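Reader: I have a structure open and would like to talk it through. Can you take my questions as they come?

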Amino acid sequence: MTHRIDHASNSCRQPGRLLSILALTALAGCQTIPDVAPWNQATKDVTGAVVTSFQSAANVNADIGRRLAESEISKSPADRYAHAAGVLNQRTNDYEKLFGAIADYSGSLAAIAKAADNSQKAVDAVAGSVNQLVTAIGGTALAGAGFELAKTLFNEAIKIKAAGDFGDAVQKADPVIAQIADLLVKDLADLQRTVGPSKDLSIRIAIENPLRKSLDYRAALKRRWVELQEMVRNAVSPGANADGTFPPTKSLVNVSEVSELARVDQLLREADAWYKPMQEELQSRLAGRAKTEELAIQAGRAVQAWRESHASLAEAVKERRPPESARLAALAVRIRDLADDLKKGK
């Protein structure tokens, strides 16, 4: 009798256990999208750093362009740098839109993931986000290439909407993301060539040309100072004669060139009042040009890193783990440092 009661009791508990298992299974099914917030934040950090840095670079190089236009130099160097500064300014406006669109796209994915609604609604939301990203290219200098991109989106859109879940949709969106990244990387490489080292001569002319007469005068003083230094040194510590004997040495008070050397030395110190600030500005401008080139390189690396992180995003979703974002975060710091250096004129 006891055995029957225990058996009956166990039988009564079975439906409860079954319901619990089903409930947990259903809950697990709703929670298949991992937290992509760190990836989204890293994307926003790197895109924000790129935009801020290019804004600083555009300001610095526009100022150099103005200096070139105002200086009395041949039109050719001025025009070459004015073109480079103009291209950089246009690219800055474009990158503000494009990198902003990338940040919006990552934010959309993070919002979809946070909703944890791994259904057709999530799939449709991914497709809409990709479409918005492609549309952003239409209003930029990359609009020509955007036509090919639109064709790619048209071909891939059906696949994205037919995806089984969020991770599958992100994976099917990756060819479009890859093409966008390729366009940006090529554009940044072109910008790097535009602001390359060949522009250093134009910067040097812009800074030095207004002070050309003063620079020529200072250079003459410097040559005379070197000559006088040599004369005084030979008088005080003469070298050996051809026969190996040494001529008599002189005291400084008996060397006629000493007084002229003192006057020239004083004139050089007085010239430092304008020469040193000019040199500091020149080095700052040359560094600004070099930093702008470095920015284009680092921005290209950031785009490539983001492309790779997006490609691995679907895999991370399937494995229910956060996507990798460390490299993006590191590049954001590096690019932000470049922005700070550009602002400070380093």
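Author: What follows is a walk through this predicted model, from the overall make-up to single residues.

Reader: Start with the basics. How many helices and strands are there?

Author: The protein has 10 helices and 0 strands. Read along the sequence, the pattern is α-α-α-α-α-α-α-α-α-α.

Reader: And what share of the residues is buried?

Author: Of the 346 residues, 40% count as buried.

Reader: Among contacts between residues at least 6 apart in sequence, what percentage join residues at least 24 apart?

Author: That figure is 84%.

Reader: Let's go to helix pairs. How do H9 and H10 pack?

Author: H9 covers residues 257-318 and H10 covers residues 326-344. They pack at an angle of about 165°, and their axes are 10 Å apart. Angles over 145 degrees count as roughly antiparallel, so H9 and H10 are roughly antiparallel to each other. H9 passes H10 in a left-handed crossing.

Reader: What kinds of residues make up that contact?

Author: The contact of H9 with H10 divides into 10 nonpolar, 4 polar and 7 charged residues.

Reader: How does H2 sit against H9?

Author: The axes of H2, residues 37-70, and H9 come within 9 Å and cross at roughly 155°. H2 is therefore roughly antiparallel to H9. The crossing of H2 and H9 is left-handed. Their contact divides into 13 nonpolar, 7 polar and 5 charged residues.

Reader: Now H4 and H6. Are they roughly parallel or roughly antiparallel?

Author: Roughly parallel. The axes of H4, residues 120-137, and H6, residues 166-194, come within 9 Å and cross at roughly 10°. Angles under 35 degrees count as roughly parallel, which is why the pair gets that label.

Reader: Which residues meet there?

Author: On the H4 side they are Val123, Val126, Val130, Leu133, Val134 and Ile137. On the H6 side they are Phe166, Ala169, Val170, Ala173, Val176, Ile177 and Ile180. By class, the contact of H4 with H6 has 13 nonpolar residues, no polar ones and no charged ones.

Reader: Different topic. Does the length of H8 agree or disagree with what its residue count should give?

Author: The length agrees. H8 runs over residues 212-236, which is 25 residues, and at 1.5 Å a residue it should span 36 Å. The end C-alpha atoms of H8 are 36 Å apart.

Reader: Which residues of H8 are buried, and what do they pack against?

Author: The buried ones are Leu215, Arg218, Leu221, Leu228, Val232 and Ala235. They pack against H7, residues 200-208, and H9.

Reader: Which H8 residues does Tyr275 touch?

Author: Tyr275 lies in H9. Not counting residues up to four places away in sequence, Tyr275 touches Leu215 and Arg218, both among the buried residues of H8. The C-alpha atoms of Tyr275 and Ser214 are separated by 8.9 Å, and the two residues are 61 residues apart along the chain.

Reader: Staying on H9, is His310 buried or exposed?

Author: Buried. His310 is found in H9, and its relative accessible area is 1%. Buried means under 20%, so His310 qualifies.

Reader: What does His310 touch?

Author: Leaving out residues up to four places away in sequence, His310 touches Trp39, Tyr105, Leu109, Val170, Ala173, Asp174 and Ile177. Val170, Ala173 and Ile177 are also among the H6 residues that meet H4.

Reader: And Ala302?

Author: Ala302 is in H9 as well. Ala302 is buried, with a relative accessible area of 2%. Beyond its neighbours within four places in sequence, Ala302 is in contact with Val46, Leu328, Leu331 and Ile335. Ala302 and Ala329 are 9.6 Å apart in space, C-alpha to C-alpha, and 27 residues apart in sequence.

Reader: Last one. What is the phi of Arg320?

Author: Arg320 has a positive phi of about 55°, although it is not a glycine. Most residues other than glycine have a negative phi.

Reader: Where is Arg320, and is it buried or exposed?

Author: Arg320 is found in the loop between H9 and H10. At 52% relative accessibility, Arg320 counts as exposed, because exposed means over 50%.

Note on methods. Residues numbered from 1 in each chain as written. Predicted model: local features only at pLDDT ≥ 70, side-chain atom pairs only at ≥ 80, totals over all residues. Heavy atoms only, no water. Axes fitted to C-alpha atoms, helices over the stretch in contact; angles between N-to-C directions. Helix = DSSP H or I, 4+ residues; strand = E, 2+ residues; numbered from the N terminus. Parallel < 35°, antiparallel > 145°, perpendicular 65-115°, else oblique. Left-handed = near helix turned anticlockwise from the far one by under 90°. Nonpolar A, V, L, I, M, F, W, Y, C, P; charged D, E, K, R; others polar. Expected span 1.5 Å × (residues − 1). Buried < 20%, exposed > 50% of the residue type's maximum accessible area, 1.4 Å probe, protein only. Contact = heavy atoms within 4.5 Å.
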